[in-house]
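Here's a quick tour of the structure below, grouped by topic. Have a look at the fold before reading on.

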Amino acid sequence: MRARAAALSLLLGLSSLAASGRAAAADAEVASAPPIWITDASGARFRVRFDPGERLILGAGAEAGLRAAPAFGVELGLMLRSDRPAPGWDVHWKRNHELAHLRLHPAAGTRGAAVDGVLYRGLFLRQSREGTLTLPVTPPFALPLPFDIGVLVEIGHLHGALWPEAGGPPVAAGVVHGEVLADFWRSRQPGRWLTLGVGGRYEIGLQRDAAAVLHSDHRVSPMTTVAIALHGERADGLAAGGVRAEASHRWSSLRGWERAYRVDADFEVTPLAANDRPLALFAIVTADTGADLPRPELRVMAGVRFSQPLR
């Protein structure tokens, strides 16, 4: 009995030391943020740190597909995120919002999509200084967790022409999508996560056949979508990027059960700022495959992005 109690006390002590070490590291990480503004030797004040998650963006560039000629595309969107946790915090929610983040193609048709983006996407990661799972035994035992938890919510995902053409690709309108997440990076810095998620989705596909007859396809993924996402960001916000891979086992009202896969990658680097407003170079890559597509799709957009910082 005493040996078992001693072992349990040792485990509790090690858990406490690990939690205190994580807490100290978390405070150091929060406090290490570089300054936003600096003043040079002549007294001029200018901005050196930007927040990619708190801004209004407008971009333009060339967009091409696997079997489509390059064309002009534009991008717009509003990004919002939570503040950094204050020193001494216990629980903090890392929140990232995207509103009307859309990429528009002015020439809709069978050779390319007219719109690709989301009306709202929210990423919510709950971070705890302790990071433990408490077991209701006697005495209670706190088991350290190797991850934080969170959710992803997405409403109004759009991809395809504004209206389907005869013989053209389908238009996909995602009604709602949600995931339960585990974040294994556990970084207190904004814009950094490594998540594994399981979720569900409901979307509607519209397509016209060669006779111009419109067909609708209701697709449901009942918690059978698995996704892994990695996103990184420099502390000064001058470089950011990430990749997300998703596999879905879904039910289609036209074809029954089927599988679909999607990969998204993006990268952005800011080489200069004009009047304290960053001008960035960006690239976005999207790959899709599924039973509703006649062949796998690959789309690439690269260009220049202008941002209006919101804080």
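Two strands count as paired if DSSP finds at least two bridges between them. By that rule β5 and β6 are a pair, because 13 bridges join these antiparallel strands. Keep in mind that this is a predicted model. Overall, the chain comes to one helix and 16 strands, and buried residues make up 40% of its 311 residues. Looking at contacts with a separation of 6 or more, 60% are between residues 24 or more positions apart.

**Strands around β6**

- Strand β6 covers residues 115-128 and is mostly covered, with ten of its 14 residues buried.
- On one pairing, β6 runs antiparallel to β5, and V115 in β6 is the bridge partner of L104.
- β6 also pairs with strand β9 (residues 148-160), again in the antiparallel sense, over eleven bridges. Here R126 has I149 in β9 as its bridge partner.
- Back in β5 (residues 91-104) sits A100, a residue other than glycine with a positive phi, near 50°. A100 is partly exposed, because its relative accessible area is 31% and that class runs between 20% and 50%.

**The β7–β8 hairpin**

- Strands β7 (residues 132-135) and β8 (residues 141-144) pair in the antiparallel sense, with four bridges between them.
- One of those bridge pairs matches T134 with A142 in β8.
- What joins β7 to β8? A hairpin does the job, through five residues.
- P139 belongs to the loop between β7 and β8, and the peptide bond leading into it from T138 is cis, with omega near -5°.
- For context, most peptide bonds are trans, and most residues other than glycine have a negative phi.

**The loop between β10 and β11**

- Two arginines to check here are R186 and R192, each placed in the loop between β10 and β11. The flanking strands are β10 (171-183) and β11 (193-208).
- R186 is another residue other than glycine with a positive phi, near 60°.
- Is R186 buried or exposed? R186 is buried, with a relative accessible area of 11%.
- R192 has 19% relative accessibility, so it counts as buried, the cut-off being under 20%.
- The R192 side chain reaches the backbone oxygen of E233 at 2.9 Å.

**T225 in β12**

- T225 is part of strand β12 (residues 214-233).
- Its relative accessibility is 0%, so T225 counts as buried.
- Which side chain makes a polar contact with that of T225? The partner is S248, at 3.0 Å.
- Leaving aside residues up to four places away in sequence, T225 touches H177, G197, V198, G199, R201, E246, A247 and S248.

**Cavities**

- Rolling a probe the size of a water molecule over the atoms shows where empty space is left.
- How many cavities of 30 Å³ or more turn up in a search of the whole structure? The search finds six.
- The second largest cavity has a volume of about 80 Å³.
- Its lining consists of F50, D51, P52, E54, R55, G237, E268, T270, P278, A280, S307 and P309.
- The elements giving two or more residues to this lining are β14 (256-274), β15 (277-290) and β16 (297-309).
- By class, the second largest cavity is lined by five nonpolar, three polar and four charged residues.

**The second largest pocket**

- This pocket has a volume of about 190 Å³.
- Its lining has 13 residues, and the closest to the pocket centre are I36, R49, D51, R84 and R311.
- Sorted by class, the lining of the second largest pocket has eight charged residues, four nonpolar and one polar.
- D51 turns up in two places: D51 lines the second largest cavity, and D51 is also listed among the residues closest to the centre of the second largest pocket.

Note on methods:
Residues numbered from 1 in each chain as written. Predicted model: local features only at pLDDT ≥ 70, side-chain atom pairs only at ≥ 80, totals over all residues. Heavy atoms only, no water. Buried < 20%, exposed > 50% of the residue type's maximum accessible area, 1.4 Å probe, protein only. Polar contact = N/O pair within 3.5 Å; in protein donor to acceptor, adjacent residues only side chain to side chain. Contact = heavy atoms within 4.5 Å. 1 Å grid on protein atoms, 1.4 Å probe; cavity = no way out; pocket = protein on both sides within 12 Å on 5 of 7 lines; lining within 4 Å. Points joined across faces, edges and corners; volume = space filled by probe spheres on them. Nonpolar A, V, L, I, M, F, W, Y, C, P; charged D, E, K, R; others polar.
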